[in-house]
Every structure is written in C-alpha cells, then in structure tokens.
Amino acid sequence: MAGRFFRSCAVATLALIAWAGAGAITTAEGPLAIDSARVTIAGTSNVHAYTASTTNVRIARSQFGAAIIGSDFWDNVLKPGAVEAFEIVVPAATLTSPREGLDKNMQKALKVEQYPDITFRLSRFDANESTAGTAKALGVLRIAGVEREVVLVITTKRSGATLTVQGSVDLLMTDYGITPPKAMLGMLKTDPKVTVTFETVLSVPLT
C-alpha cells in the first residue's frame, strides 16, 4: 500500500538531497551533509488510513556547475543549469509503519527482494519566478523496477548554512505495476492513490 512510494525522494527525496556537492561528482561521503531527512507515504483503505516512513536516504550521484560553488551556493542552486546531474536512493525495505502487519505487505507489494531501491533521477528544476523559495523538480522515479516521469512540488527555506526542503507528490500504485494490497481475507482493501511527503535539512561548506 505504501507500496506506491514515492515518493524523492526525495526523499527524496528527495531530489534536493543531492544538491550539496562541491563541483564534481559527490557521494554521501562528500562535502554534502544531510542533517536530517524523512520521507513519508500516506494512504487510505476501506478500514483505516495508514502511513509509512523512512529517514534512510542517500545520494547516488550529484554534479554541479563550477560557477555556483561558493558562498552563494544555496542562492544559485535552483538557477537553470546549476544542477548538472543527480540521483538519490531510498532503500525500500526501510519504509516502516506503526500499524502492525503493514510492513510485510508493503515490502511484498514493493518487491523489495527483486528491486531493493527506490530511486529518483533529476531531469531539471523549474523555479517559480513569482513565489520565492518554490520550484518544481522534474525527473524519473523508479519503483519496483518501473520508471515513470514525475513532478515534485517543493519549497525551500534558507537558514545560515542549511537549507530545508519540503514537498509532496500524489502517486498511483498501479502506475508502477503495484497491486493495492489487501488483508483480512480481502475485507481490507487499500486505495491505489498515495501521497508522498518529504522534508530534508541540508548543509554544505560555503567556502
């Protein structure tokens, strides 16, 4: 059910988590620091609502234009061409729910043994010229081995050397070949629509 993640991302995730490199390709061990990250999936069924979340998000690849590196990094990162490439990863098995029995069904729906990672690969950012701190992150989301183009609506807030990124996206499990889970001999049926929300606090050396 939460099977229909994602929802990077952000994550991701999710997309912005990969923003902190220093000019060249970086990894989680590079100059980027993820102070905190959480991705949450929320859905409903004919019996109750449910959520599943994870704080396990990592950067697979990030690359930025050399011109944006420096003290104005956060101010420049949303400009056209600033982010040359990035991809983030969320291990699907780390999504957990406070509801008993949900995790097993969710992992089965997500096919975690065959496809252990949920990934988001950024294509481009579209900044909102009329509203500061808002943008759309367009990219390719891969869940359970199926790739679909998605648009993540994000907001950003700068605080000193850190950047808080929040956002959400609505998804359909069926778009990723995921059958909405059932339980209690079929009496509990989940809605194929889920909402993915994410929040990350990022920091990067500003020199």
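**A144.** I looked up A144 in this predicted model and found it buried, with a relative accessible area of 5%. The cut-off for buried is under 20% relative accessible area, so A144 qualifies. I placed A144 in the loop between β8 and β9 (146-159). I then checked its backbone: phi is positive, about 55 degrees, although A144 is not a glycine.

**K111.** I turned to another residue with a positive phi. K111 has a phi of about 55 degrees and is not a glycine either. I found K111 in the loop between α2 (102-110) and β7. Is K111 buried, partly exposed or exposed? Its relative accessibility is 31%. Partly exposed covers the range between 20% and 50%, so K111 counts as partly exposed.

**T134.** Next I looked at strand β8, which spans residues 134-143 and includes T134. I read a relative accessibility of 17% for T134, which therefore counts as buried. Which residues does T134 touch, leaving aside those up to four places away in sequence? I listed A127, N128, I154 and T155. Of these, A127 falls in strand β7, which covers residues 117-127, and I154 and T155 fall in β9 (146-159).

**Strand pairing.** I followed β7 through its partners. Strand β6 (residues 83-91) runs antiparallel to β7 (residues 117-127), and five bridges join them. For V90 I noted I118 as the bridge partner in β7. On β7 and β8 I recorded an antiparallel pairing over eight bridges. Within β8, K136 is the residue that stands opposite D126.

**Confidence.** I checked how far the model can be read. The mean pLDDT of the chain is 75, and 75% of its residues reach 70 or more. Which element of the chain has the lowest mean pLDDT, and which the highest? The lowest is strand β1 (residues 9-10), with a mean of 32, and the highest is strand β4 (residues 49-54), with 91. I also noted that pLDDT stays under 50 over residues 1-31. The model has 168 contacts beyond four places in sequence for that stretch. Where pLDDT is low, predicted coordinates should not be read in detail. I therefore left the contacts of that stretch at the count and did not go through them one by one.

Note on methods:
Residues are numbered from 1 along each chain as its sequence is written. This is a predicted model: local features need pLDDT of at least 70, side-chain atom pairs count only at pLDDT 80 or more; totals for chains, interfaces and linings use all residues. Side-chain values use heavy atoms; hydrogens and water are left out. Helices (H or I, at least four residues) and strands (E, at least two) are DSSP runs, numbered from the N terminus. Buried means under 20% relative accessible area, exposed over 50%, partly exposed in between (1.4 Å probe, protein chains only). Contact means heavy atoms within 4.5 Å. pLDDT is the predictor's confidence in each residue, from 0 to 100. Two strands pair if DSSP finds at least two bridges between them.
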